Amino acid sequence: MPRSCPLVAVVNDEVAFVRVLNALLHDHGYDTLLLQVGEVAYESLKQERPDLIILDISSAQSDLSWLVLDLLALDPITQTIPLIICTVPDAAYEKRAAQIQALGHVVIEKPFTIDVLATLIRERLQPMQHL
C-alpha cells in the first residue's frame, strides 16, 4: 500500500538532535522512523523501506554506523534508498569517501545547520517535495 507522505528514517544516538529533526520533519508533512545506530536499525530499515535515510556516523558509534552503511549497500532491498550521511571528516570517512560517492550518497559534514540538512532532504525526496 503506498504511503500518503514520505517516510524519513533518522538513525542517530543524539536525543536532542533527533527531537529537533523529528519535529521539523513532522511540521513539513513527513512521517519519521527514529532509530539508534546498530544492527536493529538495519533490520528496521529493511522492513520499513523508508523513502530516505539520514544516518549519523558519530565517533562514539562509528563501527556500528559503518556496519549499518555496509549492510544497507549490500542488501538489494535497501541499496536503492537515498541516504544522507552526517559525519565528521575523519580518517575513517576519508578511507570510505570514494565508496560513498560511488554509491550516490550525500554527505553532510559536522557541524552543519538544520537549514542545510532540510535542503538536502528536500532535494533527495524530489518529486515528493514538502520542506
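At roughly what angle do the axes of helix α1 and helix α5 cross?

## How α1 meets α5

In this predicted model, the answer is roughly 50°, with the axes of α1 (residues 15-27) and α5 (residues 114-124) coming within 12 Å. Angles from 35 to 65 degrees fall outside the parallel and perpendicular classes, so α1 counts as oblique to α5. As for handedness, α1 passes α5 in a right-handed crossing.

Now for the side of the contact that the residues supply. From α1 come Phe17, Val20, Leu21, Leu24 and Leu25, and they meet Ile114, Leu117, Ala118 and Ile121 of α5. Sorted by type, the residues of this contact come out as nine nonpolar, with no polar and no charged ones.

## The sheet

Next, the strands. There are five of them in an open sheet, running in the order β2-β1-β3-β4-β5 with parallel pairing. The edges belong to β2 (31-35) and β5 (106-109); each has a single partner strand, so one side of each goes without a neighbour in the sheet. On average, neighbouring strands are turned by 20° against each other, ignoring direction.

Pick out one pair: β3 (residues 52-57) and β4 (residues 83-87) run parallel to each other and are joined over five bridges. One residue to look for here is Ile57, whose bridge partner in β4 is Thr87.

## Back to α1

Helix α1 also packs on the sheet, where it touches β1 (7-11), β2 and β3. Its direction makes about 165° with that of β2. So α1 has contacts with α5 as well as with the sheet, and an angle over 145 degrees counts as roughly antiparallel.

Terms used: Residues numbered from 1 in each chain as written. Predicted model: local features only at pLDDT ≥ 70, side-chain atom pairs only at ≥ 80, totals over all residues. Heavy atoms only, no water. Axes fitted to C-alpha atoms, helices over the stretch in contact; angles between N-to-C directions. Helix = DSSP H or I, 4+ residues; strand = E, 2+ residues; numbered from the N terminus. Parallel < 35°, antiparallel > 145°, perpendicular 65-115°, else oblique. Left-handed = near helix turned anticlockwise from the far one by under 90°. Contact = heavy atoms within 4.5 Å. Nonpolar A, V, L, I, M, F, W, Y, C, P; charged D, E, K, R; others polar. Pairing = 2+ DSSP bridges.
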